[in-house]
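Me: Please take a close look at one part of this structure for me: the place where the two chains meet. Walk me through it contact by contact.

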Amino acid sequence: MRVGPYPNYARPRRAAGQPAFAHPSEAEFASLLTFYQIDWLYEPTTFPLAWDEAGRVTLAFSPDFYLPEYELYIELATRKQGEMTRKHRKMRRLQQLYPDVRIKLVNRRAFEALLLKFDLRERAGQLVGQVGHA
Amino acid sequence: MPEPCPATPWPVEMQDLARVLIGAEELRERVCALGTQISGDYAGQDLLLVGVLRGVTIFIADLLRAITIPVTVDFIAISSYGPSLQTGGVVRLTKDLEEPIEGRHVLFVEDVIDTGLTLSYLLRTLRARGPASLRTCVLLDKRAHRLIDVDIAYHGFALHDEYVVGYGLDHRQRYRNLPVVGVLKPECY
């Protein structure tokens with residue numbers, strides 16, 4: 001039997017209760033959501049995308065954020081091109097397998113536009129284009 | 001009778017634009033059309049326009065003059081996300097409405113919508129005050145950047161991925177006085 005979507009208990013937490021974000025851009029995005037008083041969860045669900053013959057999960061995807069009020073997942077793709085291509089492929093697969101799941105992608109260009117809008121371009125070097133560290 | 005004004009010279013900062021996206025005449029025509037539409041839709045109702053400072057000032061001033069039914073106007077202002085924000089800081093009203101909106105037909109007017117984060121917060125805030133109706137009028141819609149879906153009743157123009165200034169929109173508080181909507185030269189931001 002195939003495994004379906006499941007809660008992501010593996011995500012480590014910092015002592016203060018904040019998630020251990022995989023990338024600085026995710027921390028900045030979480031701060032932006034908090035600012036606008038939008039409830040968010042960090043990587044709360046893992047969606048299996050491929051299984052072996054025994055039904056074990058061989059490929060899975062945990063979108064970065066879930067906004068419960070809007071029933072919306074958000075994935076940030078602000079890193080290097082190769083990683084973005086893999087994320088795009090996972091997004092497409094997720095939408096094929098789980099068509100009722102609402103998910104939006106914030107690509108590097110859209111994230112840079114956010115930084116410009118909020119006068120945060122000085123932080124762009126820290127927030128965009130780096131490989132995650134978790 | 002006052003003396004007629006001489007033709008208004010174009011602001012010197014027009015030279016900072018790489019290109020004009022929406023010209024002054026195109027803006028005038030579209031705002032007039034929006035005013036006509038709104039006047040028809042709200043005929044016989046107690047209409048209150050609410051704008052969020054400061055980007056909306058030029059648009060709402062022109063829209064107000066294009067509306068032909070009785071109408072009142074009020075403004076709200078909120079703090080902005082930015083580099084000086086303390087960790088964990090949240091948005092707050094820096095100027096509240098002067099007018100009560102309970103039981104009134106409110107049209108929220110905004111200069112530009114992109115992610116929908118600001119607009120969704122403001123609409124939640126206004127909706128909690130019990131207006132008879134609450135709809136939204138947006139001059140510039142960057143739909144490609146939308147995260148939070150917001151129902152827009154009146155649209156001015158669709159924009160793609162450009163960072164624009166003019167007609168009330170600023171970059172570090174400059175360029176609001178440009179009579180057009182345009183894209184800044186990269187060396188200007």
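Reply: Start with Asp114(B). Its relative accessible area is 11%, so Asp114(B) is buried. This is a predicted model, and the values here are computed from it. Asp114(B) forms a salt bridge with Lys117(A), and the closest N and O atoms are 2.8 Å apart. The pair crosses between chains. Asp114(B) sits in the loop between strand 5 (105-113) and helix 3 of chain B, while Lys117(A) belongs to helix 3 of chain A. Lys117(A) has 33% relative accessibility, so Lys117(A) counts as partly exposed. One partner is therefore buried, and the other is partly exposed.

Now take a second bridge across the chains. Lys104(A) and Asp149(B) meet through their side chains in a salt bridge, 3.0 Å from N to O. Asp149(B) lies in the loop between strand 6 (133-141) and strand 7 (154-158) of chain B, and Lys104(A) lies in strand 7 of chain A. Here it is the lysine that is buried: Lys104(A) has 19% relative accessibility, and the cut-off for buried is under 20%. Asp149(B), at 39%, is partly exposed. This pair also has company. Arg102(A), Lys104(A), Arg143(B) and Asp149(B) are linked in a network of salt bridges.

The count of salt bridges between chain A and chain B is 3. Over all chains the structure holds 19. Polar contacts join in too. Across the interface, 13 residue pairs are in polar contact, both residues at pLDDT 80 or more.

Which elements of chain A carry its side of the interface? Those giving two or more residues are helix 1 (24-35), strand 6 (72-77), strand 7 (103-107) and helix 3 (108-117) of chain A. Helix 1 of chain A gives the most, with 7 residues. By type, the residues on the side of chain A that touches chain B divide into 17 nonpolar, 3 polar and 10 charged.

Next, the extent. In contact are 30 residues of chain A and 27 residues of chain B. The size of an interface is often given as the accessible area lost when the parts come together. For chain A and chain B, the buried area is about 2,600 Å². Carbon and sulfur atoms give 58% of it. Three residues stand out on the chain A side. Phe35(A), Tyr36(A) and Leu116(A) supply 27% of the area that chain A buries against chain B, more than any other three residues.

Tyr36(A) turns up again in the nonpolar packing. The largest nonpolar core has 48 residues. Those with the most contacts inside this core are Phe29(A), Tyr36(A), Phe65(A), Leu67(A), Ile74(A) and Phe108(B). Helix 3 (residues 117-127) of chain B gives the most to this core, with 6 residues. Follow Phe29(A) as an example. Leaving aside neighbours within four places in sequence, Phe29(A) is in contact with Phe65(A), Ile74(A), Leu76(A), Phe111(A), Leu114(A) and Leu147(B). Apart from the largest core lies another, of 27 residues. Among its members are Leu49(B), Ile67(B), Leu107(B) and Val109(B).

Helix 1 of chain A also holds a charged residue, Glu26(A). Is Glu26(A) buried or exposed? Glu26(A) is buried, with a relative accessible area of 1%. The side chains of Glu26(A) and Tyr42(A) are joined by a polar contact of 2.3 Å. Beyond its neighbours within four places in sequence, Glu26(A) is in contact with Phe21(A), Tyr42(A), Asp64(A), Phe65(A), Leu76(A) and Arg79(A). Phe65(A) and Leu76(A) are contacts of Phe29(A) as well.

For contrast, look at a salt bridge inside chain B. Glu25(B) and Arg28(B) meet through their side chains at 2.9 Å, N to O. The two are 3 residues apart in helix 1 (residues 24-41) of chain B, so about one helical turn separates them. Glu25(B) is partly exposed at 43% relative accessibility. Arg28(B) is partly exposed at 46%.

Last, the chain A framework behind this surface. Chain A has 4 helices and 7 strands. Along the sequence the pattern runs β-α-β-β-β-β-β-α-β-α-α. Of the 134 residues in chain A, 47% are buried. Among contacts in chain A with a separation of 6 or more, 60% join residues 24 or more positions apart.

Technical notes. Residues are numbered from 1 along each chain as its sequence is written. Chains are lettered from A and ligands numbered from 1 in the order in which they are written. This is a predicted model: local features need pLDDT of at least 70, side-chain atom pairs count only at pLDDT 80 or more; totals for chains, interfaces and linings use all residues. Side-chain values use heavy atoms; hydrogens and water are left out. Contact means heavy atoms within 4.5 Å. Buried area is the accessible area (1.4 Å probe) that two parts lose on being put together, summed over both. A salt bridge is a side-chain nitrogen of Lys or Arg within 4 Å of a carboxyl oxygen of Asp or Glu. A polar contact is a pair of N or O atoms within 3.5 Å; within protein, one must be able to donate a hydrogen and the other to accept it, and residues adjacent in sequence count only if both atoms are side-chain atoms. Ala, Val, Leu, Ile, Met, Phe, Trp, Tyr, Cys and Pro count as nonpolar, Asp, Glu, Lys and Arg as charged, and the others, Gly among them, as polar. A nonpolar core is a set of buried Ala, Val, Leu, Ile, Met, Phe, Trp, Tyr and Cys residues joined through side-chain atoms within 4.5 Å. Buried means under 20% relative accessible area, exposed over 50%, partly exposed in between (1.4 Å probe, protein chains only).
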